[in-house]
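Hi,

Here is the structure I promised to pass on. Have a look at it, and below I'll tell you what turned up.

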Amino acid sequence: MEALIQAIDRNILKVVYREGKKEHKSGAQILPETEADRTQACQICAGQAEGELVFQTEEGIFARQTEVELIPKEVFRYTFSGNAPVIVTKKTIDGERAFVENADTVKVADAYEGRIAFRLSQDEAIYGLGQQENGVYNYRNVKEYLYQNNMKIPMPVILSSRQYAILFDAGCMFTYEEKAGKMTFTFDAVDDLTYYVIKGDCMDELVKGIRTLTGKAVMLPKWAFGYVQSKERYKTQEEILTTAEEFQKRDIPVSCLVLDWHSWEEGKWGNKIFDKSRFPDAKAMVEELHKKGIAFMISVWPNMNQGTENNEEMAKAGKLLMNLSTYDAFDEEARDLYWEQCERELFAAGTDAWWCDSTEPFTPDWNGAVKRPDETRYQMAKDSTNQYLDARESNLFALKHAQGIYEHQRAVCSQKRVANLTRSGSLGSQRYGTILWSGDIAATWDVLKNQIAEGLSISMSGIPYWTLDAGAFFTGTLECWRKFINDPQAKGPQPWFWHGLFEKGVEDLGYRELYVRWLQFSTYLPMMRSHGTDTPREPWQFGEAGSVYYDTIVKYIRKRYAMLPYTYSLAWKVYRDDYTMLRSLMFDFAQDEAVKELKEEFMYGPSYLVCPVTDPMEYGPESTPIATSGKVEIYLPKGADWYAEETEQYFEGGQKLLVEAGVDTMPVFIRAGSVIPKASQATGSMDELHVYAGADGSFELYEDGGEDYEYESGVYSLITFRWEDSRRKLCVKAEKTEFGYPEKFEVFLHEKGTVQKQEVVWDGTGTEILL
């Protein structure tokens, strides 16, 4: 086959392999308008050399495609052939699910299995592929099976340490394998093989290329960058309001309370109608939360049990998949109807955000005592999902689901930004106001460690907003499972994924320590969120004021709000500049060979080097005391100098340190030259500016209404702070002031162990301040 090559942008090249003359049609992940922008000459050249398709710039060859193959295959889906459908609803750990037992299959398309290979350099590292389960960071010498599943969010994109990316326009399941320098992708079902080559000088440019193809990330509401309290689950309206009052009484800031599954009546799984016996006046409940400055998020599912009002309405319209439970998110009219069901009661009650759970609606391996081999799980996923969905789009259900929520809410309400916490997604999810989370993980120290790498991988894949269940979803094992299924005599064993270490939950000091470490880590994620089953999650469940666990939890929640001006300004950069908040060290320190494999640390924006603690220091399970040094080894990247946030000590980069890390402290270092706006109050309004001497630096402080979409029309404030280190001068300039400017603030100059404070009164005009 001959490659059809087309320049898309100055640093993006498109390659298409097809049989016959059928034109390539962009998939749902790719913006259709992308291919109309050819205003600049492309810097990438492609051509044949020794049987390979090579890609090069003026600096030389950077990528080589060696093999390509399209193997004809037929695509089938379930159908009913006149017989009455036999549907069985089963209670699973992942919610109530419907299964069809007597469907036939019908051919829906002719397609291809696509296989393509590339040759890698010996020292090349490969990143991306979305989020998986096992904490892989560099995908050399790895085989990965990529399909939507609880804890798996596949993305058909890789990024190389040689500063290029390859993005495939494929919505199907696929495998990735790298062995002996050969990187092979095998796509289950495609109409053709289409991919994009992106070249840049840094990871930021590669991510910008990804979003050029798949869409810009929209702004989330400002409250989404505070603290989100969730658990499995708040059962009544009274319990939610009592929880809000407790936060207020203890003076602990909280931005959102979350209602997990079962807002519906008993037996009506997925019905988007409140159970009035437990939520007699949901609108009044939400109004009361809003008076306290707390947003409300509710869990909604794509499946609805037969016999429910929502299911019957969908069935009458012919908009259900063949399990007669899950709505067809690929059908525009089905998306219309799904939103109507959300709007009638849930959105009308004042709901601020959606928790779109189970958006990989078919998870056949989410059962059994033993985790099956990866290849078996992949085959099960294909055998199940591809019967209900077109195999060519089997990884795209969550994307279409998010599209429906976003487009409809924006159509009816421009004053409330869409916020959609969703368990699955794909390339392009960022344009629909989504925050992806890592699924139902278990409370072990290894899982905590792996989650760092998974967050970095999905961020490198172009997804800016990602979070997790701080403290993990599953706390314990057999006893917790028995409690969940309400059968204390169940023989077990529990399902393979229910493998936390702490049966007693918050009563176990070992879990309290793990939870605190998880929450410290989540303080520096795009969304800080506590959630899980088996045990309560509110701060006061871990002790009272004066106890180390309670005090540390509160300390880090308050730290999150102190950083809110910084974090929200980063969110603006995500929108305007295609920025990445959760940053692998390869973004900022790619020239330092030591960071190529370093997956335990990351940058939060341009200033914070975050070093999560991923080993116990005080207690194991069952509150068993352990003896440790109380120290951890960290690495300070070369190319910058650093301040220890807690102690103000100053260090040169390019060295390892052994640092104190008691349970009340997670090692965090501030890059010299940083300019960081902070808030002393939970409102998030800047009243402090922290400058770290040792290098020049700058920061843009952003502010807007926090809720609406007027920022798209230029209605916001933007203040530039620029630090000139050699002159000890801070320059302040108002670029835009539609939302005012900080009229009075304190400047803190951090300088190699000392901190000086100076009060500033500002009139909004260009100002130079000598420190």
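The protein falls into three stretches by domain assignment: domain 1 covers 4-214, domain 2 covers 222-565 and domain 3 covers 674-770. Do keep in mind that this is a predicted model.

I spent my time on how domain 2 and domain 3 meet. Their C-alpha centres are 35 Å apart, and the contact draws on 14 residues from domain 2 and 17 residues from domain 3. Between them, domain 2 and domain 3 bury about 1,400 Å², with 46% of that area on carbon and sulfur atoms.

Which residues of domain 2 lose the most area to domain 3? They are Lys 222, Arg 417 and Pro 565, which together account for 48% of what the domain 2 side buries.

Arg 417 also appears among the charged pairings: its side chain meets that of Asp 704 in a salt bridge, at 2.8 Å from N to O. The count of salt bridges between domain 2 and domain 3 is three. For polar contacts, the count between these two domains is nine residue pairs, with both residues at pLDDT 80 or more.

As for where the domain 2 side comes from, α7 (397-412), α11 (548-562) and α12 (564-577) each provide at least two of the residues that touch domain 3. By type, the residues on that side of domain 2 are eight nonpolar, two polar and four charged.

Happy to talk it over whenever suits you.

Best wishes

Methods: Residues are numbered from 1 along each chain as its sequence is written. This is a predicted model: local features need pLDDT of at least 70, side-chain atom pairs count only at pLDDT 80 or more; totals for chains, interfaces and linings use all residues. Side-chain values use heavy atoms; hydrogens and water are left out. Domain bounds come from an automatic or database domain assignment. Contact means heavy atoms within 4.5 Å. Buried area is the accessible area (1.4 Å probe) that two parts lose on being put together, summed over both. A salt bridge is a side-chain nitrogen of Lys or Arg within 4 Å of a carboxyl oxygen of Asp or Glu. A polar contact is a pair of N or O atoms within 3.5 Å; within protein, one must be able to donate a hydrogen and the other to accept it, and residues adjacent in sequence count only if both atoms are side-chain atoms. Helices (H or I, at least four residues) and strands (E, at least two) are DSSP runs, numbered from the N terminus. Ala, Val, Leu, Ile, Met, Phe, Trp, Tyr, Cys and Pro count as nonpolar, Asp, Glu, Lys and Arg as charged, and the others, Gly among them, as polar.
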